[in-house]
Amino acid sequence: MNIDIHRLLDEAFLGIEMTPDAQDLKEEVRANLMARADELEAAGATPSDAAHQAVAELGDVRELLEETADAAPSRASDPYTALVQRHHVRPNPGFVVRAVVWSIVAVVGTTLAILGASGVIPLPLGPQIGLFGMASTGLALLVGDSLSQETTTNHPMPQNRAAGYFLATLLGAYGLGFVALVAFGSMPVWGIVFAALGVIASIILFSFLGATQTNRHKAWTRQLAAATPPNRFEREPETAARFGVYTAAIWLVTFAVIAVLVFTVGWWWAPIAFVGGCTLMMLLLARMMFAPEKKSDTPAR
Amino acid sequence: MTKDDAFAADLLRGHTDTIVLGVLRRGDAYGFEIYKAIRDATGGDYEIKEATLYATYRRLEKDGLVESYWGDESQGGRRKYYRITDAGRAVFGSNVAAWTATRRIIDSLLDVKESQQ
């Protein structure tokens, strides 16, 4: 192992204030210098010469640190609107037109398919399936196309990943279309197999995409987010924990109510309980996250 | 360094960000690997200075185009690896498209014939 590197590196960083940033840079440089020195040694240089040459090639480390030091703070002081204005990205006119077309395709397809499935319009099963296919393709194109657009706050998503979201939406929406066909009775119960395949594949694909997703926010948005004070749940983890327990309780009761409704008055009442549970949770969230804070010196007992 | 070399090195330096993103598209790498990949690709004739590269990494990371993480080497220094993000891939794609378009314009303005190559 080359000892000279460490000594020369310490000399290069002499007189620099060891902020976490500078410490990081030093460690990064150290590993790179060692790799470069190993290479030079393999080519026949003595360890000492290799170390000196590697460090000499590096140049002045001070320049590196200065550059990043002035970049950040000047922006953070700008008000939000000025930042948005500076980074504003106009929507692409072609995209706006396409988005309208995809939406129309999705809405028209869904409407006709449901009218057909419920028997209002006499349509055989084949065209009904076709219409749901059209509707879910429209919806999926809308999702994929929107994700690959650059916006004021986000970088565009690469084509492949946007195509992944397209596929996931297509499968999920088509699966739900089959659910509707079976529910309206225009398709035999075995049609639920297609529904399940589509929805499950879509869930798997969405989970994969979600788990491998990296950040797309632009730098200025992230700096802004870093400057925003934390919300109540971040400041008070115990409140967040309480919210979690309440939420679990709400959903437990909701599912019990759903089960009761299904076995007594019929399954079509089940969504009522679901909506009720959802509303209750949102109210609880608003109450707990944004409630006016009690002064800590007057505990509510 | 001849005048030709200086011209080429200048052109190369103008595209450091895109070049680094291009190297990272092939897989995560730490500083020296990136440096070596660029040096090898140019046949060692023109190199991008290491200091320029460090500045590039920091800028790319600040813009969210790459992410970094520390390796777990037990021998010697710990390596700081860089990984390209989706935003990085998208920016790389649009930069390459811009480059292709610009190259066509410059080729036609400078009257470069394909057959000369």
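How many bridges join β1(B) to strand β3 of chain B, and do the two run parallel or antiparallel? I will start there, and I should say at once that what we are looking at is a predicted model. The answer is that 2 bridges join β1(B) to β3(B), residues 80-84, and that these two strands run antiparallel. Within that pairing, B:Tyr30 stands opposite B:Tyr81, which belongs to β3(B).

If we widen the view to the whole sheet, we find that 3 strands of chain B make up an open sheet, that their order is β1-β3-β2, and that the pairing is antiparallel. Because β1, at 29-30, and β2, at 66-70, each have a single partner strand, they stand at the edges of the sheet, and one side of each is left without a neighbour there. As general background, strands of a sheet pair through backbone hydrogen bonds, either parallel or antiparallel.

Let me now place that sheet in its chain. Chain B has 5 helices and 3 strands, and, read along the sequence, they follow the pattern α-α-β-α-α-β-β-α. Chain B has 117 residues, of which 28% count as buried. If we take the contacts in chain B between residues at least 6 apart in sequence, 53% of them join residues at least 24 apart.

From here I turn to the contact between the chains, which takes 28 residues from chain A and 25 residues from chain B. On the side of chain A that touches chain B, the elements that give two or more residues are α2 (20-42), α3 (47-58), α4 (61-76) and α10 (219-227) of chain A, and α2(A) gives the most, with 8 residues. By character, the residues on this side of chain A divide into 10 nonpolar, 7 polar and 11 charged.

One of those elements, α3(A), deserves a slower look. This helix has 12 residues and reaches 17 Å from its first C-alpha to its last, which is close to the 16 Å expected at 1.5 Å a residue. Which residues in α3(A) are buried? They are A:Ala50, A:Ala51, A:Ala54, A:Val55 and A:Leu58, and because they cover an arc of only 125° around the axis, they lie on the same side of α3(A). In general, an α-helix has 3.6 residues a turn, so residues three or four places apart point the same way. Finally, just after α3(A) comes A:Gly59, whose phi is positive, near 85°.

Definitions and conventions
Residues numbered from 1 in each chain as written. Chains lettered and ligands numbered in written order. Predicted model: local features only at pLDDT ≥ 70, side-chain atom pairs only at ≥ 80, totals over all residues. Pairing = 2+ DSSP bridges. Helix = DSSP H or I, 4+ residues; strand = E, 2+ residues; numbered from the N terminus. Contact = placed C-beta atoms within 7 Å. Nonpolar A, V, L, I, M, F, W, Y, C, P; charged D, E, K, R; others polar. Expected span 1.5 Å × (residues − 1). Buried ≥ 20, exposed ≤ 12 C-beta atoms within 10 Å, placed from the backbone. Arc of directions from axis to C-beta.
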